[in-house]
Amino acid sequence: MAEPSLPEPPVTARVDQLFPVLTPAQVARVAAQGRLRVIHKGEVLMEQGDSAPHFYVVTSGELEIVRPMGATETLVAVQTAGQFTGEVNLLSGRRAFVRLRVRQDGEVIELERERLLTLVRTDAELSEILLRAFILRRVELITRGMGDAVLLGSSHSSGTLRIKEFFMRNGHPYSYLDLDRDAEVEGLLDRFHVSAADVPVVICRGEVVLRNPSNQQIADCLGFNDAIDQARVRDLVIVGAGPSGLAAAVYGASEGLDVLVLETSAPGGQAGSSSKIENYLGFPTGISGAELAARAYTQAQKFGAQVLIAKGARHLRCVRKPYAVEIDSGDAVSARAIILATGAEYRKLALDNLARFEGAGVYYAATFVEAQLCGNEEVIVVGGGNSAGQAAVFLAQTAKKVHLMVRSGGLCETMSRYLIRRIQETPAIVLRTHTEIVALEGRNHLECVRWRNRGTGQVEAHDISHVFVMAGAVPNTGWLDGCVALDDKGFIKTGPDLLPEELTTARWPLTRHPHLLETSLPGVFAVGDVRGGNIKRVASAVGEGSIAVSFVHQVLHE
Ligand SMILES: Cc1cc2nc3c(=O)[nH]c(=O)nc-3n(C[C@H](O)[C@H](O)[C@H](O)COP(=O)(O)OP(=O)(O)OC[C@H]3O[C@@H](n4cnc5c(N)ncnc54)[C@H](O)[C@@H]3O)c2cc1C
């Protein structure tokens, strides 16, 4: 194979942050956790796709990181004395994206993943340097589309949007080729024996071809969950990886609990679909939901929490302890305590043909991915809450006009003042009060929207192809099958909200009353948007997730 050329300069960060050089004292602290290994030119220390990659610090000689593609290679980086290998996959235990080869004879310090995790948990200085480099390297891989998956899709297909969002929200690098735009698509379709009718198609590690795969099939094919032991009884199983579940995971794992998180889709929950959160403490210029989610996910993994991706909870076996949660794959995970953090989902419009346009003109999130689809066009945002306000302000940066549609007479009772002011100051946003959508029309994609003024009864038709629905939420509690008491809207009742008769009906077996955030089932807690009486905010979700952990400790000692 020909020698790979010089690495391309990074596009997202400074080289000294991406590839820092450790001081001799820092190298010595790494060495205390690992072993020295002599390396020889040409030796491959890690192959692309390896499932349990090790961590290396170069003490002499050189390592090269290359991305193999068929018979060719792209040089990603060269690591010399004091520099180290790895990115966030080392924390999660997922497969390697690149090949690691010796470029010049020398010596490295080699650490198995468990030893690396111990190091980042115990050495604050090294933890900061390593985690920052890992995160920046991942951002670089995502920006350059250097992953182990290729998506062949079309901007007219809802499946393509779903898969793009799944990759994006899981922070997984992939390359995308569009049927309507990229000339290379034809060649790939022929090579992998798929047709245009099969899109979206995902090619995993250049080998396995998935036609319109579910999120779970993609996660399985790319080995997202391979490193996670599903058989052992955990101290704590958390259902849902939104802000509340991730907060519980960070606190639980950092306080020594064996924590497993189950997530139907991707970390971040509703907050992950927010374009910019401006009222969360500590981020004066705001933070996108995706970035907050990525940081929290990495933080939870740093402390040793494990997160099963695309494995939703289907049923709770609540009759005897340890409790068990049955998951989508048909397996069950057992736990001594459980935190329910399944949040809520957006209400849908009551229109017969809505499903036809979901992902093809009707969206429930307004992130960068959706904004790209509707640049310089007119869009509609439905809803009067903060999420609708944020979406309108965000989309107004790129859309020609944003129709913000509410059935009520205004925003004052449902939206924060700062957002109302921002909407008033944005000429591209038109507020349409007393208005509701009555029909969606189009062939493969939404083409026309009819709306009605509830006051005058007048119906208007507009050629608009993008509707963002942000109209309130319903709790994700359907799978609990009567295991815990719910309020009349389906939210989970906890602590002091549980009435004596509800505890009697639930056969509460203890002399003590349920703890704050504990449900009618001992040792099972509910936090965040899924809990009755919760204030639907990121901060309260995070607060409840962290508070619940202190009660989990008490229950585990009962
Ligand atoms: C677009 C948007 C913008 C917002 N902006 C703000 C803001 O600026 N400031 C603010 O304070 N709040 C904001 N919010 C509200 C905030 O995001 C929520 O209050 C917060 O996300 C609630 O967190 P949670 O963890 O309780 O639930 P969620 O965020 O709903 O997370 C629940 C998680 O559980 C998973 N799940 C559901 N069912 C299952 C199952 N059966 N098995 C496994 N996993 C499951 C879901 O996939 C999801 O990841 C916004 C919400 C939206 C939608």
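Visitor: Which residue stands opposite Trp-451 in strand 23?

Guide: In this predicted model, Glu-460 of strand 23 is the residue opposite Trp-451.

Visitor: What makes strand 22 and strand 23 a pair?

Guide: Two strands pair if there are at least two bridges between them. Strand 22 and strand 23 (residues 459-462) are joined by 4 bridges and run antiparallel, so they meet the condition for a pair. The two strands form a hairpin with 5 residues between them. In that turn, Gly-457 has a positive phi of about 80 degrees.

Visitor: How many bridges join strand 21 to strand 22?

Guide: There are 7 bridges between strand 21 (residues 435-442) and strand 22 (residues 446-453). At least two are needed, so strand 21 and strand 22 also count as paired. Their sense is antiparallel. Glu-436 stands opposite Arg-452 of strand 22, and the hairpin from strand 21 to strand 22 passes through 3 residues.

Visitor: In the sheet with the order 17-24-18-19-20, why do strand 17 and strand 20 stand at the edges?

Guide: Strand 17 (362-363) and strand 20 (429-432) each have a single partner strand, so one side of each has no neighbour in the sheet. The sheet has 5 strands, is open, and is parallel in its pairing.

Visitor: What makes strand 18 and strand 19 a pair there?

Guide: Strand 18 (residues 378-382) and strand 19 (residues 401-405) pair in the parallel sense over 5 bridges. The cut-off is at least two bridges, so this pair meets it. In this pairing, Ile-380 has His-403 of strand 19 as its bridge partner. In general, strands of a sheet pair through backbone hydrogen bonds, either parallel or antiparallel.

Visitor: What makes a residue part of the shell around the ligand, and how many residues surround the ligand?

Guide: A residue counts if one of its heavy atoms lies within 4 Å of the ligand. There are 34 residues around the ligand, and the closest are Ser-244, Glu-263, Gln-270, Ala-313 and Gln-390. By class, the shell has 14 nonpolar, 16 polar and 4 charged residues.

Visitor: Why does the Glu-263 side chain count as a polar contact of the ligand?

Guide: A polar contact is a pair of N or O atoms within 3.5 Å. An N or O atom in the side chain of Glu-263 is 2.6 Å from an oxygen atom of the ligand, so the pair qualifies. Two backbone examples can be set against the cut-off in the same way. A backbone N or O atom of Val-538 is 2.8 Å from an oxygen atom of the ligand. For Ala-271, a backbone N or O atom lies 3.3 Å from a ligand oxygen atom. Both values are within 3.5 Å, so both are polar contacts.

Visitor: What share of the ligand's accessible area does the protein cover?

Guide: On its own the ligand has 1000 Å² of accessible area, and the protein covers 93% of that. The elements that give two or more residues to the shell are helix 9 (243-254), strand 11 (259-263), strand 16 (344-346), helix 13 (386-395) and helix 16 (538-556).

Visitor: Why is one space called a cavity and another a pocket?

Guide: In a cavity a 1.4 Å probe fits but cannot get out, whereas a pocket is an open set of points. The search of the whole structure finds 1 cavity of 30 Å³ or more. The largest cavity holds about 60 Å³ of space. Its lining includes Ser-154, Thr-160 and Gly-359, and helix 6 (residues 158-169) gives the largest share, 3 residues.

Visitor: What volume does the second largest pocket have, and which residues are closest to its centre?

Guide: The second largest pocket has a volume of about 1400 Å³. It is lined by 43 residues, of which Val-139, Ile-142, Met-168, Gly-171 and Ala-290 are the closest to its centre. Helix 10 gives the most to this lining, with 11 residues. By class, the lining divides into 18 nonpolar, 18 polar and 7 charged residues.

Visitor: Which value of omega does the cis peptide bond from Val-199 to Pro-200 have?

Guide: Omega is near 5 degrees for that bond. Pro-200 is in the loop between helix 7 (184-191) and strand 8 (201-204). The peptide bond from Lys-321 to Pro-322 is also cis, with omega near -5 degrees.

Definitions and conventions. Residues numbered from 1 in each chain as written. Predicted model: local features only at pLDDT ≥ 70, side-chain atom pairs only at ≥ 80, totals over all residues. Heavy atoms only, no water. 1 Å grid on protein atoms, 1.4 Å probe; cavity = no way out; pocket = protein on both sides within 12 Å on 5 of 7 lines; lining within 4 Å. Points joined across faces, edges and corners; volume = space filled by probe spheres on them. Polar contact = N/O pair within 3.5 Å; in protein donor to acceptor, adjacent residues only side chain to side chain. Areas by Shrake-Rupley, 256 points an atom, 1.4 Å probe, with all protein chains shown as cover. Nonpolar A, V, L, I, M, F, W, Y, C, P; charged D, E, K, R; others polar.
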